[in-house]
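The paragraphs below lead through the empty spaces of one protein model, and then through a few strands, loops and single residues. It may help to keep the sequence at hand while turning the structure.

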Amino acid sequence: MAISFACASFRNGVSSRAIVAAAMLLGAAVPGAALAQETTTQADQDEDTIVVTGIRASLAGALDAKRDSALVIDAITAEDIGKFPDKNIGEALQRVTGVQLTRGAGEGQNISIRGAAPELTRVEINGQTALSTQVGSGRQVDFRELPAEFVQRLEVVKSVSADMTEGGLGGTVRIITRRPFDSKEGFLAGSVQGVYGQVGKTWDPKLAVIGSKVFAQDTIGVLVSATYENRSLYYDQARTTGWRRIDGSPAAGNQFYDFNADGQGDFFPDIPRNIINREKTERYAFNGILEYRPSDDFKTWIDATYTTGVQTLDSQFLQLTTAIGAAGAGSGVDIPTVKIGPDDTTSFVRFNNISTLAVPSQLAVSLRNILGQIDRKTFNSQFGYDWTLGKLKISGRASYARSRAYNNEINATGDYLGVSSLTIDYRNPQQGPNIILPFDPTKVAGMNRLTVLRQPRYNFQTEYGAKLDFDYRPDDGGFLTSLKAGFEARNLSSDSELFSVTKVLNGFSGTTTVSNTSTFGGRTDVVQSTTTPASLTAQLQNIVQQNASLGDHNFFNTGTLGFAGIQRFLNLGNEVAAAVGIPDPFGSPLPLDTWEVTDKNLAGYLQAQFRFDLGFEVSGVIGARVVNTKTTSSGNRLITNAPNPNVLVPVNFVGEYTEFLPTLNLRAEFIPNRLIGRATATEVLARPQQGQLAPSFRTDVVGRTGSRGNPGLAPFRARQYDLGLEYYINRTSFVSVTGFKKVIDSFIFNTTQPETIDGILYTITLPVNGTQVVTIDGVEAGAQVSFDFLPAPFDGFGALANVTYQKDKGFESRDLITGGPLPFPGLSKTAYNASLFYEKGGFSIRGSYNWRDKYLITPTGRGNNPEFGEAYGQFDASASFQLTPNVSVFLDAVNITDATRKENANSIYRRTLIETFGRRIYGGVRVRL
């Protein structure tokens with residue numbers, strides 16, 4: 001049975017005085033976050049009520065959260081137990097105004113809020129920090145690891161109050177799971193579904209179960225839930241890793257090829273690739289909550305969430321090495337064949353081998369497989385209580401969170417070194433690399449080197465936290481409605497370890513070597529054999545012949561490239577790696593990639609809520625938060641001092657800063673429950689990435705240069721403002737518009753500075769906080785309408801839409817090629833969502849389209865080109881039917897139009913990525929007992 005919401009209808013009276021006052025307040029208000037009304041008036045309760053269920057219940061719950069919040073938020077609520085409107089949390093969040101989604105393997109992975117990068121977004125699970133499982137360590141959360149089935153509500157908080165934990169410069173995502181006292185009636189619910197992926201043509205299972213029970217005279221509640229899925233995430237990519245200008249006359253110095261004679265160097269492709277990605281992903285997740293409520297004045301709880309996901313990789317590459325030659329030796333470009341298209345970009349080129357060069361400098365084709373597993377685990381737990389003593393409420397929480405990302409990377413690579421020529425043709429509708437080879441890549445003939453690399457990396461994050469809040473609420477009806485103060489301590493530790501070892505069967509030299517780069521600078525540990533090149537070439541070709549396959553599907557069998565190209569090539573999977581012998585890398589880790597960074601944060605705050613009457617109700621919350629952060633960073637410093645290089649010295653650094661974060665939030669209820677004005681003025685911060693704080697200290701006593709991380713980095717800071725107006729038409733319908741400004745400073749960039757180390761003056765490159773200030777101005781508009789006023793059966797229709805427009809100024813990075821200005825990374829100027837649904841008689845169907853404009857990925861990519869993500873839109877749909885009050889069936893379709901994702905190097909004619917993941921179908925049954 002669907003969850004029902006019974007709610008008061010809206011009063012219709014509209015006074016001219018209220019409208020005039022609304023205009024005056026919104027025109028003159030200091031920007032600040034809106035404080036929503038917390039209780040329903042008795043007059044509202046006495047009026048007729050309407051009851052909404054299903055999709056409308058979800059929309060009504062989201063509007064309740066938006067309207068009644070003390071902050072500027074948007075919310076998404078589940079329609080029923082285990083029935084969330086999207087397939088993972090990231091994909092659900094993309095429907096929120098101002099949120100822009102980044103995809104991984106076609107799944108929603110990270111989000112940006114109002115143009116701020118994913119690592120500048122704070123994510124909480126029931127108020128506790130959600131830690132990153134990013135390989136390499138960072139702060140961005142991968143939403144694919146968090147099951148949507150656990151979620152009761154998602155909130156995207158765009159303004160802040162002083163009692164909120166700092167860290168969300170873009171915003172804060174609150175993941176609120178179901179609680180045992182949400183319903184005093186016990187239940188057991190679950191779902192079984194199959195997932196079909198068009199690229200791999202596979203059906204995969206996904207299971208979910210959730211149960212809750214309240215007992216002991218309704219004083220103890222227990223809720224447990226679990227999910228399991230085994231996904232085949234297949235996606236193909238046509239890539240050109242970068243675009244570079246080639247020096248056509250090395251002896252003359254920087255004489256770039258300019259075939260169209262326009263005075264600008266032409267761009268040539270660097271490492272074109274066909275990639276078939278196979279990620280078998282098995283995920284488990286568990287959530288449990290025990291809650292005790294002996295009275296209305298006291299409750300305490302323990303909750304925990306555990307997730308684990310193991311990705312088994314088999315990514316199959318066909319890639320070209322086109323950067324050949326050396327100073328004065330030529331570039332290998334076959335000049336008569338070159339054709340230049342728009343934007344000084346090569347549309348057709350042939351590279352010829354220069355056989356007089358050393359082997360590493362010659363043309364090469366590589367068949368490479370990235371194998372192994374990525375194992376991600378998270379654990380979040382907390383103990384908390386709320387205790388009301390008359391007018392005083394005391395709340396406490398102790399928490400522990402841990403995440404682990406273990407990337408056991410194994411590469412098997414077969415090289416065709418010294419290939420006579422390579423041809424790449426971009427003259428097709430998608431500007432994709434049509435690779436033309438002088439040999440058959442499904443055969444071993446010509447392969448003369450075989451390499452197996454094992455490079456495992458461990459990343460751990462652990463956070464201990466404690467929070468204590470005191471909330472005093474006088475009931476005298478005066479100006480002050482709440483006075484709140486509290487303290488919070490958090491200790492976050494991040495660790496990284498990297499190991500690496502390589503085994504090479506080299507048919508050119510006739511040697512088999514094992515190189516262990518886990519030692520200081522890398523060395524050859526074992527020379528296992530020396531034989532004739534012909535004999536070793538025959539040996540490695542036999543290994544590939546006996547153990548390789550041709551994969552399981554044609555390259556780019558969904559989407560479109562506009563050409564057939566090479567559809568199959570040798571798949572050097574785990575069998576090839578095992579036949580060569582996977583070397584053991586575990587000895588000493590790479591010292592410069594092994595480090596620990598710890599943030600110790602101590603915060604205190606004071607805030608007050610108030611309410612007064614100006615002929616309409618004005619309420620607000622004002623406060624300030626002070627936070628002190630101490631950072632310690634330990635690792636190693638490597639001195640390269642010939643003739644005795646690789647001197648390793650342990651290093652340890654300490655940094656500290658204190659920030660004052662004021663907040664002001666205002667809310668004006670011009671028409672009770674209908675017309676609400678919001679305004680905010682707040683200051684926020686986000687801490688640097690742990691990799692920027694890590695030492696990674698390298699020094700060269702010969703050149704007197706070096707590089708390191710910077711534990712003394714200050715956080716990103718921002719001042720942000722909102723000014724908005726919301727009109728609630730009825731319980732499930734509204735329109736709103738909000739203008740916002742975000743002023744970001746303390747940017748982090750790399751610079752050089754002199755430092756004296758061991759009595760020697762060095763020039764050190766390190767990240768520092770800059771002086772540039774970036775301003776993001778934008779406007780958000782949204783509407784949600786249920787067409788209940790239409791005659792049956794059209795009264796079952798409803799629609800949702802929102803649009804965000806934003807622009808930036810002050811970002812100082814420029815295009816290193818053209819010198820032109822660049823936008824703020826991650827910011828799409830325009831993004832919108834539109835959904836249409838129909839719900840009637842137990843049947844519901846919904847279609848949703850999400851679109852975002854292009855955005856900057858990095859200011860300086862390969863070849864010094866900036867790299868952009870191109871505009872992308874995706875259409876999804878879902879349908880369900882209630883067979884009985886307790887059983888429903890559903891069918892969902894993702895990426896119905898088979899859209900492809902694209903990236904480029906500052907021109908659509910310099911595409912760096914064309915990705916297809918095809919359509920995905922979900923079908924199954926939900927049951928509630």
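Helices and strands are here DSSP runs, a helix (H or I) having at least four residues and a strand (E) at least two, and both are numbered from the N terminus. The model to which these names apply is a predicted one.

We may begin with the enclosed spaces. Rolling a probe the size of a water molecule over the atoms shows where empty space is left. Searching the whole structure in this way turns up 16 cavities of 30 Å³ or more. The largest cavity has a volume of about 630 Å³, and 38 residues line it, of which Ile76, Arg95, Leu800, Ser835 and Arg846 are the closest to its centre. Helix α3, made of residues 54-68, gives the most to this lining, with five residues. Taken by class, the lining of the largest cavity comprises 16 nonpolar, 13 polar and nine charged residues.

The second largest cavity has a volume of about 270 Å³. Its lining consists of 21 residues, and those that lie nearest its centre are Arg122, Thr129, Arg139, Arg490 and Leu492. At least two lining residues come from each of the strands β6 (121-125), β22 (449-472), β23 (480-498) and β27 (595-613), and β6 gives the most, with three residues. The classes in the lining of the second largest cavity are six nonpolar, seven polar and eight charged residues.

Strand β6 also leads into a set of paired strands. It is joined by five bridges to β9, and the two run parallel; within this pairing, Arg122, which is among the residues nearest the centre of the second largest cavity, stands opposite Thr172 in β9. Strand β8, residues 151-157, is joined to β9 by six bridges, and here the strands run antiparallel, with Val173 of β9 as the bridge partner of Val156. Strand β9 itself, residues 171-177, is mostly covered, since five of its seven residues are buried.

From the enclosed spaces we turn to an open one. The second largest pocket has a volume of about 1800 Å³, and among the 43 residues that line it, Asp163, Arg174, Asp386, Lys393 and Lys484 are the closest to its centre. By class, its lining is made up of 10 nonpolar, 12 polar and 21 charged residues. Strand β19, which covers residues 392-417, gives the most to the lining of this pocket, with four residues.

One of the residues closest to the centre of the pocket, Lys393, is also touched by Thr388, which in addition touches Asp297, when residues up to four places away in sequence are not counted. Thr388 is found in strand β18, residues 364-389, and because its relative accessible area is 26%, Thr388 is classed as partly exposed. The C-alpha atom of Thr388 is separated by 6.3 Å from that of Phe298, although the two residues are 90 residues apart along the chain.

Another link between separate parts of the sequence is found at Gln431, in the loop between β20 (421-425) and β21 (434-436). Its side chain makes a polar contact of 3.4 Å with the side chain of Arg911. Leaving out residues up to four places away in sequence, Gln431 touches Tyr426, Ile908, Tyr909, Arg911 and Ile914. Gln431 counts as buried because its relative accessibility is 13%, which is under the 20% cut-off for that class.

The backbone deserves a last look. Most residues other than glycine have a negative phi, and most peptide bonds are trans. Asn126, in the loop between β6 and β7 (128-129), has a positive phi of about 55° although it is not a glycine, and Asn126 counts as buried because its relative accessibility is 18%. A positive phi, near 65°, is also found at Asn673, which belongs to the loop between β29 (647-671) and β30 (675-686); with a relative accessibility of 12%, Asn673 likewise counts as buried. The peptide bond from Ala792 to Pro793 is cis, its omega being near 5°, and Pro793 has its place in the loop between β37 (774-786) and β38 (797-809).

Note on methods: Residues numbered from 1 in each chain as written. Predicted model: local features only at pLDDT ≥ 70, side-chain atom pairs only at ≥ 80, totals over all residues. Heavy atoms only, no water. 1 Å grid on protein atoms, 1.4 Å probe; cavity = no way out; pocket = protein on both sides within 12 Å on 5 of 7 lines; lining within 4 Å. Points joined across faces, edges and corners; volume = space filled by probe spheres on them. Nonpolar A, V, L, I, M, F, W, Y, C, P; charged D, E, K, R; others polar. Buried < 20%, exposed > 50% of the residue type's maximum accessible area, 1.4 Å probe, protein only. Polar contact = N/O pair within 3.5 Å; in protein donor to acceptor, adjacent residues only side chain to side chain. Contact = heavy atoms within 4.5 Å. Pairing = 2+ DSSP bridges.
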